Amino acid sequence: MPNAALIVAAGRGSRAAGHGATGVPKQYAPLAGRSVLARTLAVFLEHPAIHRIGVVVHPDDIDRYEAQTSRDGGKLLPPCFGGTTRQQSVLSGLEALRICAPDRVLIHDAARPFVDAQQVDDVLAALDAHAGAIAAIPITDTVKHAGVDRLITRNIERAGLWGAQTPQGFHFTAILAAHRAAHAAGRNDFTDDAAVAEWHGLRVAIVPGNPRNVKITTAEDLALAQHELASGAGPDVRTGTGFDVHRFTTGACVWLCGIRIAHTHALEGHSDADVGLHALTDALLGAIGDGDIGQHFPPSDPRWKGAASHLFLSDARRRIAALGGTISNVDITLLCEAPKIASHRQAMRERIAAILEVSVARVGVKATTTEGLGFTGRREGIAAMATATVILPPSAGP
Ligand code: MG
């Protein structure tokens, strides 16, 4: 006695259209690394009491559908095409499911990706005693009726009111007959399958639903679901470190952390030799595992001769932004006997904050001598080390 699930994914999702720049229907929109539909399907694919799954799709979405699903394990039947209304789409899907002759079918909206195994169990179990059973939640808000002018005309008694969700489960031959009869009678105004069943004389029971099992209808719903999944997964925090050295040569100024400082010497290098910004650029690249400054801006390339190092730092910022990441903080330590850094510290922080488009509070600049020891102690050059913390969205990478 096989149980089937019918996933209704044929809607055009016009209320959530404009997602990103693509206008992808909401059921195909990405939700923390997987599409809404893929998340919905996974619940039924993994449920041991569901033996076959049919999906109703819009013909325009077939490429998207094929790209997001695989028919491994044989549970998932080839998709079928929906009609112009949800009711027609369900009828098409039920007709297609006849091939596997299920005893029971759970009809579920693709745009409810937070359905869980318990809901599936509860609706299936209720079908032992009833012709139909749906997940629903009691309405807790006070319910008003208002006219088109949005003036309240009456209060509606809240007791006994439930908000219908899906899955909605039925004995297969009964719901197929109900949908066929509704179609034959020209009734295409039912907004869910329970209404079709009731119209056809079936008794439909309610099983308590889960408030998390929301339908993603608008772009705001999608954003909220993204946020909830992201907060559930926790932030994807990355750190990186960088280190750099440049030797002194003849000259009258050095560039340090984007600031020009008069000095007895200059720093030698292919670019402006800003040792602080070089270490920081490597720290940012390290946080996202994207090579190093020498790889992206090879010293052998004449384009970077004498280049201002803020270009390198801006490039690292862009690479992080392209992953949807944000820079949480950066911290630089300069190691040198001279020049003295303290009077330039604030200007350095402000310059770095401007390049990275973060607040100054997220930028640390410190300096230390090495007590006369080593090459920095002998005033042969300046060393810098840096750390960076970057927060990526959960979907940005494994
Ligand atoms: Mg360097």
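Let me begin with the metal site, where the magnesium ion is coordinated by three side chains, D244 through OD, H246 through NE2 and H278 through ND1, at 2.1 to 2.3 Å. Please keep in mind throughout that this is a predicted model. If you follow the chain from one donor to the next, the spacing reads D-x1-H-x31-H. Two of these donors come from distant parts of the chain, since D244 lies in strand β12 whereas H278 belongs to helix α8, which covers residues 275-287, and the two are 34 residues apart. Both D244 and H278 are buried.

Staying with strand β12, which spans residues 236-250, we also find F243 there. Is F243 buried or exposed? With a relative accessibility of 53%, F243 counts as exposed, because the cut-off for that word is over 50%. Together with V245, F375 and M385, F243 makes a nonpolar surface patch of about 360 Å².

Next come the strands β13, residues 253-256, and β14, which run antiparallel and are joined by four bridges. One of the pairings connects L256 with I259 as its bridge partner in β14. The two strands form a hairpin with two residues between them, and in that turn C257 has a positive phi of about 50 degrees. Along β14, which runs over residues 259-262, the side chains alternate, so to speak, in their facing: I259 and I261 point to one face and are buried, while R260 and A262 point to the other face and are not buried.

Finally, let me turn to the aromatic rings. A pair of aromatic rings is described by how far apart the centres are and by the angle between the planes. How many aromatic pairs does a search of the whole structure find? That search finds four. In one of them, F190 and W199, the ring centres are 5.8 Å apart and the planes stand at 50 degrees, so this pair is called tilted. Of these two residues, F190 is buried, with a relative accessible area of 14%, whereas W199, at 34%, counts as partly exposed. In the pair of F297 and W304, the ring centres are 4.8 Å apart and the planes stand at 85 degrees, which means that the pair is edge-to-face. Here F297 is buried with a relative accessible area of 12%, and W304, at 15%, counts as buried too. Ring pairs also bring in F312, so that F297, W304 and F312 are linked into a cluster.

Definitions and conventions
Residues are numbered from 1 along each chain as its sequence is written. This is a predicted model: local features need pLDDT of at least 70, side-chain atom pairs count only at pLDDT 80 or more; totals for chains, interfaces and linings use all residues. Side-chain values use heavy atoms; hydrogens and water are left out. Patches are made of residues with over 30% relative accessible area and no salt bridge: like charges are joined within 9 Å, nonpolar side chains (Val, Leu, Ile, Met, Phe, Trp, Tyr) within 5 Å. Accessible areas come from the Shrake-Rupley method with a 1.4 Å probe; for residues, only the protein chains shown count as cover. A salt bridge is a side-chain nitrogen of Lys or Arg within 4 Å of a carboxyl oxygen of Asp or Glu. Buried means under 20% relative accessible area, exposed over 50%, partly exposed in between (1.4 Å probe, protein chains only). Rings of Phe, Tyr and Trp (its six-membered ring) pair if their centres lie within 6.5 Å; planes under 30 degrees apart count as stacked, over 60 as edge-to-face and the rest as tilted. Donors are N, O and S atoms within 2.8 Å of the metal (3.2 Å for Na, K and Ca); water is not among the atoms, so sites may look incomplete. Two strands pair if DSSP finds at least two bridges between them.
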